[in-house]
Amino acid sequence: MDHGIGREIKVIADLETLSQRVAGEVARLIEEGLRERGRVALALAGGHTPRRLYQILAETYRKIPWERIHLFWSDERCVPSDHRESNFAMAKETLLSKIQIPPENVHRIPAELEPPERAARAYEQTLRDFFDCEDRTFDLILLGVGPDGHTASLFPCTAALREETRWVRAVTAPPSYAIRQRITLTLPVLNKACSAFFLIHGAEKREIAQAILSDPQAAAKRYPAAIVRPQEHLIWFLDEAADGEER
Ligand code: 6PG
């Protein structure tokens, strides 16, 4: 279903089937990007939802030429890279440890650097060095959404949402989050991506998904996930548990 603004919504039975479907779409986009540009820049989401997707990419799509793929992250918690809450650690366990990818193609956010602003500036330099033109960045960004409508580590009503030039910012998550210090990509760089896939799973996301997908304009005033507008393709993948009433 295309709901205007080039956004598609795909409702899929459950997390396993959703992960299988998204893996196929990621593999297709990678093939397309390699054909057109010879290399692909893919930004990984953190959190729990993408775990199964990463396992499928590693275990099923064994023909992906990872030596031509560059991996980045949309955000990271300010913890050591082997910490149980690290987005990098999750990707390493589910994907990186199972594929042959040159270390120089894995662009980890150095979130352990102190102060966090130093980590943000270091990662911004990494991105600007990699993307030789400012108008187009990642081929694909994978994202999740929190129940409060955050995406990456862009939280509602925070200064980072108003960022218009910096590509990476150090932010503090609301008090309800266990890990508050984070490094996040900002909307200027997210919205320069070619495509963005949101992965939404579970009944706890039903309310926020309904709020964002039923009235995008109103949602864009409140929820960071509703402001992500990549250059070409925006697809929301929801499982049935996360899908609310008719839109
Ligand atoms: C993070 C993520 C964050 C995540 C959402 C959904 O570092 O926490 O980048 O944006 O995608 O919070 O998380 P779940 O997939 O665990 O529900």
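How many nonpolar, polar and charged residues are in the lining of the second largest cavity? In this predicted model, the lining divides by class into 5 nonpolar residues and 3 polar ones, with no charged residues. The residues concerned are A45, G46, T49 and P50, together with L142, L143, G144 and L199, and readers who wish to follow the description on the structure can begin by locating these positions. The space that they line comes to about 30 Å³, and this cavity belongs to a set of 2 in the structure that reach 30 Å³ or more. Empty space of this kind is revealed by rolling a probe the size of a water molecule over the atoms.

From the cavity we can turn to the sheet. Three strands form an open sheet in the order 4-7-6, and their pairing is antiparallel. Strand 4, which covers residues 75-77, and strand 6, which covers residues 168-172, are the edge strands, each of them pairing on one side only. On passing from one strand to the next, the twist averages 20 degrees.

The pairing of strand 4 with strand 7 can be followed residue by residue, since strand 7 spans residues 181-185 and is joined to strand 4 by 3 bridges, the two strands running antiparallel. Within this pairing, E76 has I183 of strand 7 as its bridge partner.

A helix completes this part of the picture. Helix 4, made up of residues 116-130, lies across strand 6 and strand 7, and its direction makes an angle of about 155 degrees with strand 6.

Key
Residues numbered from 1 in each chain as written. Predicted model: local features only at pLDDT ≥ 70, side-chain atom pairs only at ≥ 80, totals over all residues. Heavy atoms only, no water. 1 Å grid on protein atoms, 1.4 Å probe; cavity = no way out; pocket = protein on both sides within 12 Å on 5 of 7 lines; lining within 4 Å. Points joined across faces, edges and corners; volume = space filled by probe spheres on them. Nonpolar A, V, L, I, M, F, W, Y, C, P; charged D, E, K, R; others polar. Pairing = 2+ DSSP bridges. Helix = DSSP H or I, 4+ residues; strand = E, 2+ residues; numbered from the N terminus. Axes fitted to C-alpha atoms, helices over the stretch in contact; angles between N-to-C directions. Contact = heavy atoms within 4.5 Å.
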